[in-house]
Amino acid sequence: MSDVLRFDDNCVFCKIIKGDIPSTKVYEDNLCYAFRDINPQAPTHILVVPKVHITSVAEVDRHNEALVGHMFTVIAKIARDEGLDEGGYRVISNCGPDACQSVPHLHFHILGGKKMREGMV
Ligand code: AMP
Ligand code: ZN
């Protein structure tokens, strides 16, 4: 990691990125890390996280918007590699308590591999 100070020592996803907590890696580059969700909600359930501690979508601004754009390029690549692009998939980011965000480190869920219910909530 180029800048350890940009991690939060108490954050589970920062610990995963640093390798202090094991994970099943799907993809990694200098900006982001992707791994399989420990409690999958669909046949394919992958989390994509930035390699910097951003709390949620609420902290996205002009300083990190290029990083977030890159994460979506990575999301599309992972979906292709996982064979999800034909059937489709869902990308979700829970933000804050009403959305039941449980890990306060920005992450995008990639969910696919089955027909989902039409409702969003
Ligand atoms: P959210 O509720 O949107 O904040 O999503 C957090 C996700 O992180 C949940 O789907 C959890 O199952 C997942 N999760 C928590 N701890 C781990 C872990 N150690 N490895 C993989 N996924 C995890
Ligand atoms: Zn973190």
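Cys-100 counts as exposed in this predicted model, because its relative accessibility comes out at 60%, and the cut-off for being exposed is over 50%. This cysteine sits in the loop between β4 and β5. There is also something a little odd about its backbone: Cys-100 has a positive phi of about 60°, even though it isn't a glycine. For context, most residues other than glycine have a negative phi.

The loop between β4 (89–92) and β5 holds another residue worth a look, His-105. Here the picture flips: His-105 is buried, because its relative accessible area is 0%, and anything under 20% counts as buried. Leaving out neighbours within four places in sequence, His-105 has quite a list of contacts, including Cys-11, Cys-14 and His-53, along with Phe-13, Ile-17 and Ile-54. Val-52 is one of the contacts too, and the backbone oxygen of Val-52 lies 3.4 Å from a polar atom of the His-105 side chain.

So what holds the zinc ion (ligand 2)? Its protein donors are Cys-11 and Cys-14, each through SG, plus His-53 and His-105, each through ND1. These donors lie 2.1 to 2.3 Å from the zinc ion. The angles among the four donor atoms run from 107 to 116°, and the site is tetrahedral. As a yardstick, the ideal angle for four tetrahedral donors is 109.5 degrees. Along the sequence, the donor residues follow the spacing C-x2-C-x38-H-x51-H. One pair of them, Cys-14 and His-53, links distant parts of the chain, with their positions 39 residues apart in the numbering. Cys-14 belongs to helix α1 (residues 12–18), while His-53 is found in the loop between β3 (44–50) and α2 (65–81). Cys-14 is buried as well, because its relative accessibility is 0%.

Now for the sheet. Five strands make up an open sheet in the order β1-β2-β3-β5-β4, with antiparallel pairing. The edges are taken by β1 (25–28) and β4, each of which pairs on one side only. Going from one strand to the next, the twist averages 20°. Helix α2 lies across β1, β2, β3, β4 and β5, and runs at about 155° to β3.

How buried is β3? Seven of its seven residues are buried, so the rest of the structure largely encloses this strand. Its side chains split into two sets: Thr-44, Ile-46, Val-48 and Pro-50 point one way, while His-45, Leu-47 and Val-49 point the other way, and all are buried.

β3 has a partner on either hand. With β2 (residues 32–36), β3 pairs in the antiparallel sense over five bridges, and one of the matches sets Arg-36 against Ile-46 in β3. With β5 (residues 108–112), β3 again pairs in the antiparallel sense, over five bridges. On that side, His-45 has Leu-111 as its bridge partner in β5, and Thr-44 is matched with Gly-112.

Leu-111, in strand β5, rewards a closer look. This leucine counts as buried because its relative accessibility is 10%. Not counting residues up to four places away in sequence, Leu-111 touches Gln-41, Ala-42, Thr-44, His-45, Tyr-89, Arg-90, Ile-92 and Met-116. Thr-24 is 87 residues away from Leu-111 along the chain, and the C-alpha atoms of the two are separated by 16 Å.

Back at the other end of the sheet order, β1 and β2 form a hairpin with three residues between them. Their pairing is antiparallel over three bridges, and within it Glu-28 stands opposite Tyr-33 in β2. Strand β2 is mostly covered, with four of its five residues buried.

How values were computed. Residues numbered from 1 in each chain as written. Chains lettered and ligands numbered in written order. Predicted model: local features only at pLDDT ≥ 70, side-chain atom pairs only at ≥ 80, totals over all residues. Heavy atoms only, no water. Donors = N, O, S within 2.8 Å, 3.2 Å for Na, K, Ca; no water. Tetrahedral: all angles 85-135°; square planar, octahedral: opposite > 155°, others 65-115°. Buried < 20%, exposed > 50% of the residue type's maximum accessible area, 1.4 Å probe, protein only. Pairing = 2+ DSSP bridges. Polar contact = N/O pair within 3.5 Å; in protein donor to acceptor, adjacent residues only side chain to side chain. Contact = heavy atoms within 4.5 Å. Axes fitted to C-alpha atoms, helices over the stretch in contact; angles between N-to-C directions.
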